[in-house]
Amino acid sequence: MPETLQSNLVFLKKEKEKFKPKREKKSNSLLGKVALEQQTLQDTFEQLQQFLREQEGILLAQLDRAHQELTKERHEYFSSVSERRSLLDTLTAEIEKKCDQPVVEFLMDIGKTLSSCEVVKAPIQEPVSPELQRTVKSLSEMSQRVMDAVAEFKVKLLSEVDRERVKVTLDPETASPYLILSKDHKTVRMGDGQQKLPDTPKRFTGSPSVLGSEGFTDGRHYWELEVGDGDSWAVGVAVESVRRKDSLTMAMGKIWALRLDWNRQYTALHMLPAPLELEQELRRIRVHLDYEAGQVTFYNVENMMQILQFKASFTEKVFPYFWLWSQETYIQLCA
């Protein structure tokens, strides 16, 4: 018995030595990696903030100098105008007085009066010198370039770190014969009539609808689109089993969409249309799908205000969904 216990003890100690390092080394390595990434990211943003503060200081100093020069020249201009007005009033009074004087008195100090008249004929300096105008124009152009560069940087940074955004294209195999897709499959319009297309199980023939090419069975995803000025459109999501040979009314139970009706009324489209009270007209819309949470949320991209949110329980693949029944508008997917 003691020998058996001793053998087990030796075995357990060996296992302990093998087991402990593997788990701890991996954990320590990951902790170290995360800590390093935190410090590196913090240093990077601090350096960026310092750089931006320096550039801000330089540009604001230049604008401040221009502001001071403008204020100085403006003050000098108004001083000159005030002096000229005063001189004009004085000369006008003197000349009117001399016109009523005898010749001898009239000729007295006439040279001084005429000299003053020549002074008032001299042009007054401009409120802003040409050189300062060029400086202000250059600074204004520089400010605009800086703002454009910052806006472009923000868009690029967000696109690099935003993993939820997906590139959606329209699936021509699902498109209704009444719809016309652009060559890049990014824009859909309504045609003049029905096209001759193969009537496959995938194609919508009961409603002017089309799906996105890619569907989702998990995760969080969003895409953005633009709608034209017209009405009679709907955007959202549909499950793969949505009825494609029936009317929109028959398919609504498997569609979660935002629709603009012919009477310019926005509605939430699922089982039954529900009117929405929206103060602003929508042009650019974000559709966000959270598959596990069962949420479909719509945002107005112009101010990122939430428009509408559906709660659902998805058990099959979900596709971007588009419906269009007007030649006066379009739906365009944004890059």
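**Figure 1. Leu-157 and the nonpolar surface patch of the predicted model.** Leu-157 is a residue of helix H4, and this view, like those that follow, shows a predicted model. With a relative accessibility of 36%, Leu-157 counts as partly exposed, because the partly exposed class runs between the limits of 20% and 50%. Together with Leu-41, Phe-45, Phe-153, Leu-158 and Val-161, Leu-157 makes a nonpolar surface patch of about 570 Å². Two elements, helix H1 (2-99) and helix H4 (130-161), each give two or more residues to the patch, and the most comes from H4, which supplies 4 residues.

**Figure 2. Overview of the protein chain.** The chain of 335 residues, of which 31% are buried, holds 5 helices and 13 strands. Where contacts join residues at least 6 apart in sequence, 65% of them join residues at least 24 apart. The chain exposes about 22700 Å², and 55% of this area is supplied by carbon and sulfur atoms.

**Figure 3. Surroundings of Thr-174.** Thr-174 is placed in the loop between H4 and strand S1 (179-181). Its relative accessibility is 2%, so Thr-174 counts as buried, the limit for that class being under 20%. The side chain of Thr-174 reaches the backbone oxygen of Asp-171 at a distance of 2.9 Å. When residues up to four places away in sequence are not counted, Thr-174 touches Lys-202, Arg-203, Phe-204, Ser-209, Val-210, Leu-211 and Arg-244.

**Figure 4. The nonpolar cores and the contacts of Phe-322.** In soluble globular proteins, nonpolar side chains tend to be buried together. In this model the largest nonpolar core has 39 residues, and those with the most contacts inside it are Trp-223, Leu-225, Trp-233, Leu-258 and Phe-322. Strand S5 (residues 233-239) gives the most to this core, contributing 4 residues. A second core, separate from the largest one, has 14 residues, among them Phe-204, Ala-234, Ala-238 and Trp-323. Leaving aside residues up to four places away in sequence, the contacts of Phe-322 include Trp-223 and Leu-225, which are also listed among the residues with the most contacts inside the largest core. Phe-322 further touches Ala-234, a residue of the second core, as well as Val-168, Leu-170, Pro-208, Ser-209, Val-210, Gly-212, Val-235, Ile-331 and Leu-333.

**Figure 5. The salt bridge between Arg-165 and Glu-224.** Side chains of opposite charge can pair when their charged atoms come close. The count of salt bridges in the model comes to 11, and one of the pairs is that of Arg-165 with Glu-224, in which the closest N and O atoms are 3.7 Å apart. This pair links distant parts of the chain, since Arg-165 is in the loop between H4 and S1 while Glu-224 is in strand S4 (residues 220-227), 59 residues apart. Arg-165 is partly exposed, with a relative accessible area of 31%, whereas Glu-224, at 4% relative accessibility, counts as buried. Through salt bridges that share partners, Arg-165 and Glu-224 are joined with Arg-284 and Arg-286 into one network.

**Figure 6. The salt bridges Lys-245 with Asp-199 and Arg-259 with Asp-261.** The side chains of Lys-245 and Asp-199 form a salt bridge with an N to O distance of 2.6 Å. Because Lys-245 lies in the loop between S5 and helix H5 (248-251), and Asp-199 in the loop between strand S2 (187-190) and strand S3 (209-211), the pair ties together parts that are 46 residues apart in sequence. Lys-245, at 39% relative accessibility, counts as partly exposed, while Asp-199 is exposed with a relative accessible area of 57%. In the salt bridge of Arg-259 with Asp-261, the closest N and O atoms are 2.6 Å apart, and both Arg-259 and Asp-261 are buried.

**Figure 7. Thr-315 and Asp-218.** Thr-315 is found in the loop between strand S11 (305-311) and strand S12 (318-324). With a relative accessible area of 71%, Thr-315 is exposed, because that class begins over 50%. Although Thr-315 and Asp-218 are 97 residues apart along the chain, their C-alpha atoms are separated by 9.8 Å.

Methods
Residues numbered from 1 in each chain as written. Predicted model: local features only at pLDDT ≥ 70, side-chain atom pairs only at ≥ 80, totals over all residues. Heavy atoms only, no water. Patch = residues over 30% accessible without salt bridge, like charges linked within 9 Å, V, L, I, M, F, W, Y side chains within 5 Å. Areas by Shrake-Rupley, 256 points an atom, 1.4 Å probe, with all protein chains shown as cover. Salt bridge = Lys/Arg side-chain N within 4 Å of Asp/Glu carboxyl O. Buried < 20%, exposed > 50% of the residue type's maximum accessible area, 1.4 Å probe, protein only. Polar contact = N/O pair within 3.5 Å; in protein donor to acceptor, adjacent residues only side chain to side chain. Contact = heavy atoms within 4.5 Å. Core = buried A, V, L, I, M, F, W, Y, C linked by side-chain atoms within 4.5 Å.
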